[in-house]
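Reader: Please take a close look at one loop residue and its surroundings. I would like the cut-offs spelled out as you go.

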Amino acid sequence: MISRVVLADLPCTVGGYCVTNADGEKICVLNSRHSRERNLETFMHELRHRTDFGKNLDVNELERIRHE
Ligand SMILES: [Zn+2]
């Protein structure tokens with residue numbers, strides 16, 4: 001489960017991503033340059049990946065599976 005959401009200055013082409021920190025906390029990083037609406041869309045997208053943490057799968061394959 002995602003325990004925290006933070007904003008960061010990311011490249012405009014990146015909506016966001018999820019990471020696990022050293023304490024095992026799952027964090028969703030959203031782009032501070034994007035609108036609130038766009039970040040909500042990105043957050044909903046990232047929620048689809050909440051079961052992907054720790055899987056050793058190719059990221060492109062995961063994107064294909066999650067969004068087909
Ligand atoms: Zn995705």
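Author: E25 counts as exposed because 11 C-beta neighbours lie inside 10 Å. The cut-offs are these: 20 or more other C-beta atoms within 10 Å make a residue buried, 12 or fewer make it exposed, and anything in between is partly exposed, with C-beta atoms placed from the backbone. This is a predicted model; local features need pLDDT of at least 70, side-chain atom pairs count only at pLDDT 80 or more, and totals for chains, interfaces and linings use all residues. Numbering starts from 1 along each chain as its sequence is written.

Where does E25 sit? It lies in the loop between β2 (16–20) and β3 (26–31). Strands here are DSSP runs of E with at least two residues, helices are runs of H or I with at least four, and both are numbered from the N terminus.

Beyond its neighbours within four places in sequence, E25 is in contact with S3, R4 and T20. Contact means that the C-beta atoms of two residues, placed from the backbone, lie within 7 Å. I2 is 23 residues away from E25 along the chain, yet their C-alpha atoms are separated by 7.6 Å.

Now the strands on either side of the loop. β2 and β3 pair in the antiparallel sense, over five bridges. Pairing requires at least two DSSP bridges between two strands. Within this pair, C18 stands opposite C28 in β3.

The wider sheet is open and has three strands, in the order β1-β3-β2, with mixed pairing. β1 (4–8) and β2 stand at the edges with a single partner strand each, so one side of each has no neighbour in the sheet. On average, neighbouring strands are turned by 25 degrees against each other, direction ignored. Helix α1 (residues 36–47) packs on this sheet and touches β1, β2 and β3. The direction of α1 makes about 150 degrees with that of β3. Axes are lines fitted to C-alpha atoms, for helices over the stretch in contact; angles run from 0 to 180 degrees between N-to-C directions.

Last, the whole chain. From the N terminus on, its elements run β-β-β-α-α. Buried residues make up 7% of the 68 residues. The radius of gyration is 12 Å, which agrees with the value near 11 Å for a compact globule of 68 residues. That radius is taken over C-alpha atoms, and the globule rule is 2.2 Å times the number of residues to the power 0.38.
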